[in-house]
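I set out to look up the sheets, the pocket and the aromatic pairs of one protein model. My notes are kept in the order in which I worked.

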Amino acid sequence: MAERSIIDHRVLKERLFPNGASGVTDENDTLRTALLWGPVSTETYLASLHPEDVSLFYDDMDVIGARAEFHGFHQALSEQGVELAIGRDILADVEQEPTVPSIDALADLLLAKAREIEEAHDKYSGKDHEAIIRALLDRDVKRYGEPTAIALNEQLALFASLPLGNIMFACDQMKFIGEKRVRSRFAFPIRKPEAQLFQQIYDQLGMNECIKVPDGETFEGGDLYIHNGVVYIGVGARTSMGAVKHIFTEARGELDKNGLSMAAVVDQKLTGKSRRESMDYMHLDTWSAPLDKRTVMVYPEEANGRMVALLSEDRDGAVRVSETGLSYTDFLRRRGSDVIEHDVEEEQRGFAFNNLCIDDKTVLVANGANHGLLETLERLGKNVVILDLAESTKGYGAAHCMTAQLLRT
(Lines give C-alpha, C1' and ligand atoms only; values in the text may rest on other atoms or scores of the structure.)
Protein backbone atom coordinates (compact mmCIF):
# COMPACT_ATOMS: atom_id res chain seq x y z
CA MET A 1 0.00 0.00 0.00
CA ALA A 2 1.48 3.38 -1.00
CA GLU A 3 2.09 5.91 1.77
CA ARG A 4 1.16 8.81 -0.55
CA SER A 5 -2.30 9.43 -1.96
CA ILE A 6 -2.73 10.05 -5.67
CA ILE A 7 -2.69 13.80 -6.27
CA ASP A 8 -5.88 15.58 -7.26
CA HIS A 9 -4.19 18.18 -9.43
CA ARG A 10 -7.19 20.50 -9.42
CA VAL A 11 -7.07 20.66 -5.63
CA LEU A 12 -3.28 21.04 -5.74
CA LYS A 13 -3.47 23.99 -8.17
CA GLU A 14 -6.07 25.73 -6.02
CA ARG A 15 -3.84 25.32 -2.97
CA LEU A 16 -0.64 26.41 -4.71
CA PHE A 17 -2.12 29.32 -6.62
CA PRO A 18 -5.23 30.49 -4.74
CA ASN A 19 -5.68 33.49 -7.04
CA GLY A 20 -4.77 31.60 -10.19
CA ALA A 21 -1.48 33.46 -10.62
CA SER A 22 2.12 32.30 -10.68
CA GLY A 23 5.31 34.17 -11.34
CA VAL A 24 8.22 36.18 -9.98
CA THR A 25 9.18 39.84 -10.38
CA ASP A 26 11.83 40.05 -7.66
CA GLU A 27 14.07 37.42 -6.07
CA ASN A 28 13.44 38.88 -2.62
CA ASP A 29 9.67 39.14 -2.64
CA THR A 30 8.13 36.60 -0.27
CA LEU A 31 8.35 33.06 -1.61
CA ARG A 32 4.80 31.72 -1.55
CA THR A 33 4.94 28.61 -3.74
CA ALA A 34 7.77 26.38 -4.91
CA LEU A 35 8.39 23.02 -6.52
CA LEU A 36 10.98 20.53 -5.30
CA TRP A 37 11.94 17.46 -7.30
CA GLY A 38 11.39 15.06 -4.43
CA PRO A 39 13.17 12.12 -2.82
CA VAL A 40 16.00 11.00 -5.11
CA SER A 41 16.30 7.34 -6.03
CA THR A 42 18.04 5.00 -8.45
CA GLU A 43 18.36 7.67 -11.16
CA THR A 44 20.72 9.62 -8.93
CA TYR A 45 22.55 6.52 -7.70
CA LEU A 46 23.33 5.28 -11.22
CA ALA A 47 24.35 8.78 -12.31
CA SER A 48 26.79 8.98 -9.41
CA LEU A 49 28.65 5.94 -10.75
CA HIS A 50 29.64 7.78 -13.92
CA PRO A 51 32.83 9.86 -14.07
CA GLU A 52 32.53 13.49 -12.99
CA ASP A 53 32.59 14.86 -16.54
CA VAL A 54 29.49 12.76 -17.32
CA SER A 55 27.59 12.83 -14.01
CA LEU A 56 28.40 16.51 -13.31
CA PHE A 57 28.72 15.56 -9.62
CA TYR A 58 31.88 16.71 -7.84
CA ASP A 59 32.03 14.00 -5.17
CA ASP A 60 30.68 10.58 -4.27
CA MET A 61 27.10 11.00 -3.05
CA ASP A 62 25.35 8.90 -0.42
CA VAL A 63 22.03 8.81 -2.28
CA ILE A 64 20.09 7.30 0.61
CA GLY A 65 21.41 10.14 2.76
CA ALA A 66 20.47 12.70 0.09
CA ARG A 67 16.97 11.25 0.04
CA ALA A 68 16.67 11.83 3.78
CA GLU A 69 17.96 15.39 3.32
CA PHE A 70 15.09 16.10 0.94
CA HIS A 71 12.60 15.41 3.71
CA GLY A 72 14.41 17.84 6.01
CA PHE A 73 14.49 20.51 3.30
CA HIS A 74 10.80 19.99 2.59
CA GLN A 75 10.03 20.45 6.29
CA ALA A 76 12.18 23.59 6.55
CA LEU A 77 10.38 25.25 3.63
CA SER A 78 6.98 24.22 4.96
CA GLU A 79 7.82 25.73 8.34
CA GLN A 80 8.52 29.01 6.53
CA GLY A 81 4.99 28.93 5.12
CA VAL A 82 5.96 27.98 1.57
CA GLU A 83 3.36 25.91 -0.31
CA LEU A 84 5.14 23.02 -2.02
CA ALA A 85 4.59 20.81 -5.04
CA ILE A 86 6.73 17.68 -5.42
CA GLY A 87 7.73 17.07 -9.04
CA ARG A 88 8.56 13.39 -8.68
CA ASP A 89 5.16 12.70 -7.12
CA ILE A 90 3.36 14.59 -9.88
CA LEU A 91 5.33 12.73 -12.55
CA ALA A 92 4.42 9.47 -10.85
CA ASP A 93 0.76 10.29 -11.44
CA VAL A 94 1.24 10.73 -15.19
CA GLU A 95 -0.17 7.47 -16.49
CA GLN A 96 2.52 5.01 -17.55
CA GLU A 97 2.73 1.24 -17.59
CA PRO A 98 5.72 -0.67 -16.20
CA THR A 99 7.49 -2.94 -18.67
CA VAL A 100 8.99 -5.38 -16.15
CA PRO A 101 6.75 -7.65 -14.05
CA SER A 102 8.08 -7.01 -10.54
CA ILE A 103 10.27 -4.85 -8.38
CA ASP A 104 12.71 -7.75 -8.09
CA ALA A 105 13.07 -7.91 -11.87
CA LEU A 106 13.67 -4.16 -11.94
CA ALA A 107 16.30 -4.44 -9.21
CA ASP A 108 18.14 -7.05 -11.31
CA LEU A 109 18.12 -4.72 -14.35
CA LEU A 110 19.38 -1.78 -12.30
CA LEU A 111 22.09 -3.90 -10.71
CA ALA A 112 23.25 -5.02 -14.16
CA LYS A 113 23.24 -1.36 -15.26
CA ALA A 114 25.36 -0.32 -12.27
CA ARG A 115 27.95 -2.97 -13.06
CA GLU A 116 27.88 -2.03 -16.75
CA ILE A 117 28.57 1.63 -15.93
CA GLU A 118 31.54 0.77 -13.74
CA GLU A 119 33.00 -1.63 -16.29
CA ALA A 120 32.58 0.87 -19.13
CA HIS A 121 34.55 3.52 -17.27
CA ASP A 122 36.91 1.18 -15.36
CA LYS A 123 35.74 3.02 -12.23
CA TYR A 124 34.83 0.71 -9.38
CA SER A 125 33.21 2.20 -6.30
CA GLY A 126 33.34 -0.87 -4.08
CA LYS A 127 29.74 -0.21 -3.07
CA ASP A 128 27.17 -2.88 -2.41
CA HIS A 129 25.05 -1.93 -5.42
CA GLU A 130 22.37 -4.51 -4.76
CA ALA A 131 21.76 -3.42 -1.17
CA ILE A 132 21.59 0.27 -2.08
CA ILE A 133 19.37 -0.24 -5.13
CA ARG A 134 16.95 -2.43 -3.20
CA ALA A 135 16.84 0.02 -0.30
CA LEU A 136 15.95 2.87 -2.68
CA LEU A 137 13.33 0.80 -4.49
CA ASP A 138 11.78 -0.31 -1.18
CA ARG A 139 11.34 3.36 -0.25
CA ASP A 140 9.74 4.10 -3.61
CA VAL A 141 7.35 1.16 -3.29
CA LYS A 142 6.25 2.45 0.12
CA ARG A 143 5.70 5.91 -1.34
CA TYR A 144 4.04 5.03 -4.67
CA GLY A 145 3.05 1.38 -4.69
CA GLU A 146 4.90 -1.23 -6.74
CA PRO A 147 3.60 -0.64 -10.32
CA THR A 148 4.16 3.12 -10.17
CA ALA A 149 7.54 2.72 -8.49
CA ILE A 150 8.63 0.39 -11.29
CA ALA A 151 7.42 2.68 -14.07
CA LEU A 152 8.99 5.77 -12.51
CA ASN A 153 12.41 4.19 -11.96
CA GLU A 154 12.38 2.74 -15.48
CA GLN A 155 11.68 6.16 -16.94
CA LEU A 156 14.34 7.98 -14.92
CA ALA A 157 17.11 5.40 -14.57
CA LEU A 158 16.82 2.96 -17.49
CA PHE A 159 15.00 4.44 -20.49
CA ALA A 160 17.05 7.64 -20.75
CA SER A 161 20.42 7.30 -22.47
CA LEU A 162 21.97 8.43 -19.17
CA PRO A 163 20.33 8.18 -15.72
CA LEU A 164 18.77 11.53 -14.81
CA GLY A 165 20.56 12.12 -11.52
CA ASN A 166 20.79 15.91 -11.82
CA ILE A 167 17.01 16.27 -12.01
CA MET A 168 17.03 16.96 -8.26
CA PHE A 169 18.09 20.55 -9.02
CA ALA A 170 14.61 21.79 -9.88
CA CYS A 171 15.61 25.43 -10.39
CA ASP A 172 17.55 24.62 -13.54
CA GLN A 173 14.66 23.45 -15.73
CA MET A 174 12.92 26.83 -15.81
CA LYS A 175 12.69 30.37 -14.44
CA PHE A 176 9.89 32.90 -14.32
CA ILE A 177 10.02 36.44 -15.69
CA GLY A 178 6.83 37.95 -14.35
CA GLU A 179 4.16 35.43 -15.28
CA LYS A 180 6.14 34.01 -18.22
CA ARG A 181 7.94 30.73 -17.60
CA VAL A 182 11.18 30.22 -19.52
CA ARG A 183 11.80 26.56 -20.31
CA SER A 184 15.46 25.57 -20.21
CA ARG A 185 17.51 23.91 -22.92
CA PHE A 186 20.49 22.04 -21.48
CA ALA A 187 23.98 21.70 -22.95
CA PHE A 188 25.11 18.46 -21.28
CA PRO A 189 23.77 15.06 -22.42
CA ILE A 190 22.86 13.83 -18.93
CA ARG A 191 20.59 16.86 -18.44
CA LYS A 192 18.98 17.26 -21.86
CA PRO A 193 15.80 15.17 -21.14
CA GLU A 194 14.99 17.05 -17.93
CA ALA A 195 13.20 20.01 -19.53
CA GLN A 196 10.66 17.76 -21.27
CA LEU A 197 10.04 15.72 -18.11
CA PHE A 198 9.45 18.89 -16.14
CA GLN A 199 7.13 20.10 -18.87
CA GLN A 200 4.93 17.09 -18.08
CA ILE A 201 4.94 18.18 -14.44
CA TYR A 202 4.04 21.77 -15.26
CA ASP A 203 1.33 20.58 -17.65
CA GLN A 204 -0.29 18.82 -14.71
CA LEU A 205 -0.25 22.12 -12.81
CA GLY A 206 -1.95 23.89 -15.72
CA MET A 207 1.23 25.78 -16.60
CA ASN A 208 1.35 24.78 -20.25
CA GLU A 209 2.59 27.97 -21.88
CA CYS A 210 6.27 28.81 -21.79
CA ILE A 211 9.11 30.49 -23.64
CA LYS A 212 11.07 27.79 -25.45
CA VAL A 213 14.76 28.36 -26.11
CA PRO A 214 15.49 27.58 -29.79
CA ASP A 215 17.68 24.78 -31.10
CA GLY A 216 21.38 25.59 -31.04
CA GLU A 217 21.09 27.80 -27.95
CA THR A 218 21.32 26.87 -24.27
CA PHE A 219 19.79 28.26 -21.08
CA GLU A 220 19.63 26.96 -17.52
CA GLY A 221 17.45 28.43 -14.79
CA GLY A 222 20.32 28.95 -12.35
CA ASP A 223 21.58 31.70 -14.65
CA LEU A 224 18.58 34.01 -14.12
CA TYR A 225 17.30 36.07 -11.24
CA ILE A 226 15.45 39.36 -10.92
CA HIS A 227 16.74 42.05 -8.60
CA ASN A 228 15.86 45.71 -8.15
CA GLY A 229 14.03 46.02 -11.46
CA VAL A 230 16.53 44.11 -13.62
CA VAL A 231 16.35 40.60 -15.04
CA TYR A 232 19.96 39.41 -14.86
CA ILE A 233 20.97 36.43 -17.02
CA GLY A 234 24.45 34.96 -16.84
CA VAL A 235 26.12 34.17 -20.17
CA GLY A 236 28.85 31.59 -19.86
CA ALA A 237 29.34 27.85 -19.55
CA ARG A 238 25.62 26.98 -19.48
CA THR A 239 23.72 29.86 -21.13
CA SER A 240 24.30 31.42 -24.56
CA MET A 241 23.82 35.01 -25.68
CA GLY A 242 21.48 33.79 -28.43
CA ALA A 243 19.21 32.32 -25.76
CA VAL A 244 19.22 35.60 -23.83
CA LYS A 245 18.22 37.57 -26.93
CA HIS A 246 15.39 35.15 -27.65
CA ILE A 247 14.16 35.31 -24.06
CA PHE A 248 14.20 39.10 -24.21
CA THR A 249 12.05 39.12 -27.34
CA GLU A 250 9.54 36.62 -25.97
CA ALA A 251 9.33 38.24 -22.54
CA ARG A 252 8.90 41.85 -23.71
CA GLY A 253 5.29 42.00 -22.55
CA GLU A 254 6.18 40.92 -19.02
CA LEU A 255 9.18 43.24 -18.91
CA ASP A 256 7.08 46.24 -19.92
CA LYS A 257 4.16 45.31 -17.64
CA ASN A 258 6.38 45.01 -14.59
CA GLY A 259 8.81 47.85 -15.35
CA LEU A 260 11.75 45.46 -15.77
CA SER A 261 14.86 45.74 -17.92
CA MET A 262 17.16 42.89 -18.93
CA ALA A 263 20.93 42.62 -18.61
CA ALA A 264 23.34 39.92 -19.77
CA VAL A 265 26.18 39.23 -17.33
CA VAL A 266 28.87 37.96 -19.68
CA ASP A 267 31.81 35.75 -18.68
CA GLN A 268 34.83 37.34 -20.36
CA LYS A 269 37.20 34.62 -19.13
CA LEU A 270 35.25 31.51 -20.13
CA THR A 271 37.69 30.19 -22.73
CA GLY A 272 40.58 30.35 -20.26
CA LYS A 273 38.82 28.49 -17.47
CA SER A 274 39.52 24.92 -16.47
CA ARG A 275 36.67 22.45 -16.35
CA ARG A 276 36.57 22.74 -12.54
CA GLU A 277 36.42 26.54 -12.72
CA SER A 278 33.62 26.36 -15.29
CA MET A 279 31.67 24.13 -12.91
CA ASP A 280 32.36 26.30 -9.85
CA TYR A 281 31.02 29.39 -11.64
CA MET A 282 28.60 27.69 -14.01
CA HIS A 283 25.52 29.73 -13.02
CA LEU A 284 24.85 33.24 -11.83
CA ASP A 285 23.58 31.78 -8.55
CA THR A 286 26.85 29.97 -7.83
CA TRP A 287 28.83 33.19 -7.32
CA SER A 288 26.26 35.91 -6.56
CA ALA A 289 23.20 36.16 -4.34
CA PRO A 290 20.61 38.90 -3.78
CA LEU A 291 20.18 38.92 0.00
CA ASP A 292 17.43 41.52 0.01
CA LYS A 293 16.02 44.14 -2.32
CA ARG A 294 19.00 46.41 -1.76
CA THR A 295 21.89 44.02 -1.06
CA VAL A 296 23.75 41.62 -3.34
CA MET A 297 26.63 39.41 -2.24
CA VAL A 298 29.22 38.56 -4.90
CA TYR A 299 32.41 36.57 -5.21
CA PRO A 300 34.64 39.43 -6.42
CA GLU A 301 37.06 37.45 -8.59
CA GLU A 302 34.17 36.27 -10.73
CA ALA A 303 31.93 39.34 -10.49
CA ASN A 304 34.73 41.67 -11.56
CA GLY A 305 35.43 39.48 -14.60
CA ARG A 306 31.82 39.53 -15.80
CA MET A 307 30.78 42.46 -17.96
CA VAL A 308 27.21 43.73 -18.21
CA ALA A 309 25.35 44.37 -21.49
CA LEU A 310 21.85 45.79 -21.68
CA LEU A 311 19.21 44.47 -24.05
CA SER A 312 16.83 46.72 -25.96
CA GLU A 313 14.81 46.72 -29.15
CA ASP A 314 15.54 48.77 -32.27
CA ARG A 315 12.79 50.56 -34.18
CA ASP A 316 12.71 47.68 -36.66
CA GLY A 317 12.24 45.16 -33.83
CA ALA A 318 15.77 43.77 -33.82
CA VAL A 319 17.37 43.03 -30.46
CA ARG A 320 20.25 45.32 -29.56
CA VAL A 321 22.92 44.26 -27.06
CA SER A 322 24.68 47.33 -25.70
CA GLU A 323 27.86 46.91 -23.69
CA THR A 324 27.97 49.11 -20.60
CA GLY A 325 31.72 48.79 -20.02
CA LEU A 326 30.91 47.96 -16.39
CA SER A 327 31.69 44.85 -14.44
CA TYR A 328 28.78 43.22 -12.62
CA THR A 329 30.01 44.70 -9.34
CA ASP A 330 30.23 48.22 -10.76
CA PHE A 331 26.88 47.91 -12.54
CA LEU A 332 25.13 46.90 -9.32
CA ARG A 333 26.68 49.82 -7.48
CA ARG A 334 25.76 52.22 -10.29
CA ARG A 335 22.14 51.12 -9.78
CA GLY A 336 22.34 51.88 -6.07
CA SER A 337 22.73 48.35 -4.72
CA ASP A 338 24.83 47.62 -1.66
CA VAL A 339 27.43 45.09 -2.82
CA ILE A 340 29.08 42.76 -0.34
CA GLU A 341 32.26 41.22 -1.72
CA HIS A 342 32.69 37.83 -0.08
CA ASP A 343 36.06 36.56 -1.25
CA VAL A 344 36.55 33.31 0.68
CA GLU A 345 37.21 30.70 -2.02
CA GLU A 346 36.45 27.73 0.23
CA GLU A 347 33.04 29.17 1.01
CA GLN A 348 32.26 29.93 -2.63
CA ARG A 349 33.03 26.29 -3.41
CA GLY A 350 30.97 25.34 -0.35
CA PHE A 351 27.82 26.90 -1.88
CA ALA A 352 27.84 30.08 0.22
CA PHE A 353 26.12 31.90 -2.65
CA ASN A 354 23.57 29.19 -3.45
CA ASN A 355 21.31 30.04 -0.55
CA LEU A 356 17.56 30.56 -0.76
CA CYS A 357 15.92 33.77 0.46
CA ILE A 358 12.35 33.30 1.68
CA ASP A 359 11.91 37.08 1.77
CA ASP A 360 13.99 40.14 2.69
CA LYS A 361 14.73 38.74 6.16
CA THR A 362 14.95 34.93 6.13
CA VAL A 363 17.72 32.98 4.38
CA LEU A 364 18.11 29.20 4.08
CA VAL A 365 21.76 28.17 3.82
CA ALA A 366 23.11 24.75 2.96
CA ASN A 367 26.41 24.71 4.80
CA GLY A 368 26.79 25.76 8.43
CA ALA A 369 30.60 25.59 8.04
CA ASN A 370 30.52 28.78 5.91
CA HIS A 371 31.29 30.95 8.92
CA GLY A 372 32.08 34.08 6.93
CA LEU A 373 28.67 33.87 5.25
CA LEU A 374 26.94 33.36 8.59
CA GLU A 375 28.75 36.38 10.07
CA THR A 376 27.66 38.50 7.10
CA LEU A 377 24.05 37.41 7.42
CA GLU A 378 24.11 38.04 11.17
CA ARG A 379 25.53 41.53 10.60
CA LEU A 380 22.68 42.23 8.18
CA GLY A 381 20.13 41.10 10.77
CA LYS A 382 18.94 38.07 8.81
CA ASN A 383 17.00 35.16 10.21
CA VAL A 384 19.22 32.23 9.18
CA VAL A 385 18.00 28.65 8.80
CA ILE A 386 20.84 26.17 8.41
CA LEU A 387 19.95 23.12 6.35
CA ASP A 388 21.53 19.68 6.27
CA LEU A 389 22.33 19.19 2.58
CA ALA A 390 25.83 17.74 2.86
CA GLU A 391 25.12 14.84 0.48
CA SER A 392 22.79 16.67 -1.92
CA THR A 393 25.36 19.38 -2.60
CA LYS A 394 27.75 16.78 -3.99
CA GLY A 395 25.64 17.00 -7.14
CA TYR A 396 26.94 20.59 -7.54
CA GLY A 397 23.97 22.53 -6.22
CA ALA A 398 22.38 23.64 -2.96
CA ALA A 399 19.19 25.23 -1.65
CA HIS A 400 18.72 27.72 -4.49
CA CYS A 401 19.41 25.14 -7.20
CA MET A 402 17.03 22.64 -5.59
CA THR A 403 14.06 25.04 -5.58
CA ALA A 404 11.86 25.98 -8.53
CA GLN A 405 10.30 29.27 -7.45
CA LEU A 406 6.72 29.40 -8.73
CA LEU A 407 5.25 32.39 -6.93
CA ARG A 408 6.74 35.35 -5.08
CA THR A 409 4.63 38.32 -4.01
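The entries below record what I looked up.

**Basis.** I worked from a predicted model, in which local features need pLDDT of at least 70 and side-chain atom pairs count only at pLDDT 80 or more, while totals for chains, interfaces and linings use all residues. Residues are numbered from 1 along each chain as its sequence is written, and side-chain values use heavy atoms, with hydrogens and water left out.

**Entry 1: a sheet of 5 strands.** I noted that strands of a sheet pair through backbone hydrogen bonds, either parallel or antiparallel. Here 5 strands form an open sheet with mixed pairing, in the order 6-7-8-11-12. Helices (H or I, at least four residues) and strands (E, at least two) are DSSP runs numbered from the N terminus, and two strands pair if DSSP finds at least two bridges between them. Strand 6 (224-227) and strand 12 (319-327) each have a single partner strand, so one side of each is left without a neighbour in the sheet. On average, neighbouring strands of this sheet are turned by 30 degrees against each other, direction ignored. Axes are lines fitted to C-alpha atoms, for helices over the stretch in contact, and angles run from 0 to 180 degrees between N-to-C directions.

I then looked at strand 6 and strand 7 (residues 230-235), which run antiparallel and are joined by 4 bridges. Histidine 227 has valine 230 in strand 7 as its bridge partner. Helix 10 (residues 241-250) packs on the sheet and touches strands including strand 8 (261-267), with whose direction it makes about 175 degrees. Contact means heavy atoms within 4.5 Å.

**Entry 2: a sheet of 3 strands.** In the order 3-4-5, 3 strands form an open sheet, again with mixed pairing. Strand 3 (174-177) and strand 5 (211-212) stand at the edges. I found 4 bridges between strand 3 and strand 4 (residues 180-183), an antiparallel pair; phenylalanine 176 has arginine 181 as its bridge partner in strand 4. Helix 9 (residues 194-204) lies across both strand 3 and strand 4, at about 150 degrees to strand 4.

**Entry 3: aromatic pairs.** The structure holds 10 aromatic pairs. Rings of Phe, Tyr and Trp (its six-membered ring) pair if their centres lie within 6.5 Å; planes under 30 degrees apart count as stacked, over 60 as edge-to-face and the rest as tilted.
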